[in-house]
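Fancy working through some packing geometry by hand? Grab your viewer and try each exercise before you read its solution.

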Amino acid sequence: MQASSRIARRIDDGQSFVTRRIAGETLILPVTGHVANLDSIYVMNDVGTRIWELLEAPTPVERIADTLSREFEVSPESAIGDVAEFLNVLRERGLIDYIGETG
Amino acid sequence: MTRFAALAEHVVGTGMSIRFRASGDSMYPAILHGDVITVAPVAAHEIVRGDILLFRDGDRVRAHRLVRVVAYNTETRFRLRGDTNARCDAPVAASQIVGRVEAVERDGRAIALHATPSNGLGTSATIRRYLMLCRRLLA
């Protein structure tokens, strides 16, 4: 559960990706050299979209899991595991990073 | 509008270019099915005959070549046509134009993209359709 205390944040330099909400989904497009690649769209469902919203500001992973546990009525244990897994995928794609841990 | 069309319009509207894999054969041989094309924003006054323009057509987008510009009441309309198509698309308003195709990549290599006049000096639509048929038979 080490990841649960980490603080995650979007890597949002305004140039690396474009996000857009369309028909309830959040779409993320990687951008390279001012060119967005439409063959590499990341599509987030409602849960992923909620996590992405929560990451508008740096947020502890545990707090994200708590929020999802309440809003989507899943157990805290399940939520923390799913959130950590999802965030790791986002980090592998270069969309987020971790900037520290909560005390 | 499809997700793709909405996204394409939004991104190019922000001033960025988009890169994606083309589908269909209407622009053969300039663009083949599976080629990767780059579309950049373009101002209406920069558009010239022969440009390949990405435009909104109902709930989808198409990339066809500009054949001519016509006055339609008090507005300008663009007449576009797929290189293998016999007929032009319905007149397109400037507001429907998403951007201009600036680059084509095939098998990882850049393909030269030249504006081709569609005034009879280029390959006729009939010949192009014949070439398409030959290509399909050979495929």
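Below are some exercises on helix packing, the chain interface and backbone oddities, each with a worked solution.

**Ground rules.** This is a predicted model, so local features need pLDDT of at least 70 and side-chain atom pairs count only at pLDDT 80 or more, while totals for chains, interfaces and linings use all residues. Residues are numbered from 1 along each chain as its sequence is written, chains are lettered from A and ligands numbered from 1 in the order in which they are written, and side-chain values use heavy atoms, with hydrogens and water left out.

**Exercise 1.** Work out how helix H2 and helix H3 of chain A pack.

*Step 1: find the helices.* Helices are DSSP runs (H or I, at least four residues), as strands are (E, at least two), and both are numbered from the N terminus. In chain A, H2 covers residues 61-71 and H3 covers residues 76-92.

*Step 2: get the geometry.* Axes are lines fitted to C-alpha atoms, for helices over the stretch in contact, and angles run from 0 to 180 degrees between N-to-C directions. For this pair the angle is about 125° and the axes lie 8 Å apart.

*Step 3: classify.* Under 35 degrees is roughly parallel, over 145 roughly antiparallel, 65 to 115 roughly perpendicular, and the rest oblique. H2(A) and H3(A) are therefore oblique.

*Step 4: list the contacts (heavy atoms within 4.5 Å).* From H2(A), A:Val61, A:Glu62, A:Ile64, A:Ala65, A:Leu68 and A:Ser69 touch A:Pro76, A:Ala79, A:Ile80, A:Val83 and A:Leu87 of H3(A). By class, that's nine nonpolar, one polar and one charged. Here Ala, Val, Leu, Ile, Met, Phe, Trp, Tyr, Cys and Pro count as nonpolar, Asp, Glu, Lys and Arg as charged, and the others, Gly among them, as polar.

**Exercise 2.** Now bring in helix H1 of chain A and describe how H1(A) packs with H3(A) and with H2(A).

*Step 1: H1 with H3.* H1(A) spans residues 46-54, and its angle with H3(A) is about 75°, with the axes 12 Å apart. So these two are roughly perpendicular. A:Gly48, A:Ile51 and A:Trp52 in H1(A) meet A:Val83, A:Phe86, A:Leu87 and A:Leu90 in H3(A). The tally is six nonpolar, one polar and no charged.

*Step 2: H1 with H2.* This time the angle is about 140° and the axes are 11 Å apart, which makes H1(A) oblique to H2(A). A:Val47, A:Arg50, A:Ile51 and A:Leu54 in H1(A) meet A:Ile64, A:Thr67, A:Leu68 and A:Glu71 in H2(A). Their classes come to five nonpolar, one polar and two charged.

**Exercise 3.** What holds the contact list and the buried area between chain B and chain A?*Step 1: count residues.* The interface puts 15 residues of chain B in contact with 16 residues of chain A.

*Step 2: add the area.* Buried area is the accessible area (1.4 Å probe) that two parts lose on being put together, summed over both. Here that is about 1,400 Å², and carbon and sulfur atoms give 68% of that area. In chain B, B:Arg3, B:Leu7 and B:Met16 lose the most area to chain A, together 42% of what that side buries.

*Step 3: look for a salt bridge (a side-chain nitrogen of Lys or Arg within 4 Å of a carboxyl oxygen of Asp or Glu).* The rule finds one across this interface. The partners are A:Glu25 and B:Arg3, with the closest N and O atoms 2.7 Å apart.

**Exercise 4.** Where are A:Ala23 and B:Pro29, and what does the backbone do there?

*Step 1: the baseline.* Most residues other than glycine have a negative phi, and most peptide bonds are trans.

*Step 2: phi.* A:Ala23 has a positive phi of about 50° although it is not a glycine. A:Ala23 sits in the loop between strand S2 (17-22) and strand S3 (25-32) of chain A.

*Step 3: omega.* The peptide bond from B:Tyr28 to B:Pro29 is cis, with omega near 5°. B:Pro29 lies in the loop between strand S1 (17-21) and strand S2 (36-40) of chain B.
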